[in-house]
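Visitor: Please show me how to read the aromatic contacts in a protein model.

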Amino acid sequence: MRDLHRLIEAVQRNCDIADARHARDMTMCVYLLQMREFYRWEHGIALAAPIDRAELGRWLAAREKHWAALEDAEYAPLPVADGEFGPFEVFAINRALLPHGLLYGGGIGRFGKPHFFLGRLARRERRDALELRVAGCEYARDMGGVTAALQDGVIVLREEVLARWLWEKFELWGMRRSEGALGAALEHYGFASDPQAALARMTAQEGETLVLHEMGEARAGDLLGTDWDDLLASLSDRRAEIVARAVRDNLADCLVTLPALVERGPPASLHFFFANFEGMREALFPELRAAYRCWRERGDARAVLRAAAEGASRWGEVAAGLLEQFRTHPQEAGAALARLAQDRPGAQRASAALRPAECGAQPPAAAPLRNPSP
């Protein structure tokens, strides 16, 4: 593509502006981990190669100085096909770039942080009514890139970001060697004998798990409508946003991800799903963790299906109730989410849920959700 270098520079500048404005939003631990990974990407350092700590420190100081100069800068238009487009005109930009084997992404993530990237288009395919676009090598990106996202009927999977994220998890696990879901997943993929080959297998298979989640997001979006995005945009309290996103994530996973993982059968993916089932998602839905324990102890996944079916009904009703609250009393939506986190709908039943005698029970039929799509 002619003048590709100009496009790369413009996208990277917008990435740097986004990082300059939002890097301080992270905890120090997350910030340092993401900066180390970003340093590897920018310098082309292999995942398993050691990093010169002195060089990393100098780069970090220089990067923070660079960000300080950009913090008040405006996002710039992108030069594409003899014209210019705003950085969030994703559809128009990709209409020009896809024929050249390039893929662009731009959108708003958690806590209002914009995310941008430009990379090589590895492949395109249909998934039901959705299109899947997979990015390979990336030429411009922000720190802490999003591994997968759904936008306007298109699922974008970023394989390079996913591989780096998985390797980071492997490295952190190696420091503790704790037993649990992540250790079980890594064992299934064979990280002990050949980490690089295992990473390639894991990236391919767990990329599919991320695609399933985004398909679940699409199903949840059909049920909840665009008002859910308005609800998210209205939240000024971060904890409220975390709760809202956890509700929708649980709904998406109960609708699509978990039933599909059980049906397809590879135990590694189910282990890996529960290795990442944590934080607010788990706090709201402890029964699902209990179902995983039943599966590990007895090898019977019906407990997971049972919990997913109950969760699809529950989280659909909870999300619909939050939307109704938002529509009638929008100023009280944040308080309603705070109460939800405090009450934790499943916590009262968690100790009794899925007792050993019930682990192999047949899953009930999922109750219909409100406002099903036609």
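What follows is a short dialogue on aromatic pairs and on charges over rings.

Guide: This is a predicted model, in which local features need pLDDT of at least 70, side-chain atom pairs count only at pLDDT 80 or more, and totals for chains, interfaces and linings use all residues. Residues are numbered from 1 along each chain as its sequence is written, and side-chain values use heavy atoms, with hydrogens and water left out.

Visitor: How many aromatic pairs does a search of the whole structure find?

Guide: A pair of aromatic rings is described by the distance of the centres and the angle of the planes. Rings of Phe, Tyr and Trp (its six-membered ring) pair if their centres lie within 6.5 Å, and planes under 30 degrees apart count as stacked, over 60 as edge-to-face and the rest as tilted. The search finds 15 such pairs. One of them joins Y75 and F88 edge-to-face, at 6.5 Å centre to centre with 80 degrees between the planes.

Visitor: Which parts of the chain does this pair link?

Guide: Y75 is in the loop between α3 (53-70) and β1 (78-80), and F88, 13 residues apart from Y75, is in the loop between β2 (83-85) and α4 (90-97); helices (H or I, at least four residues) and strands (E, at least two) are DSSP runs, numbered from the N terminus.

Visitor: Where does a charge sit over a ring?

Guide: The criterion is that NZ of Lys or CZ of Arg is within 6 Å of the ring centre and within 35 degrees of the ring normal. R141 lies over the face of W41, at 5.4 Å from the ring centre, and the charged end of R238 sits over the ring of F111, 4.5 Å from its centre.
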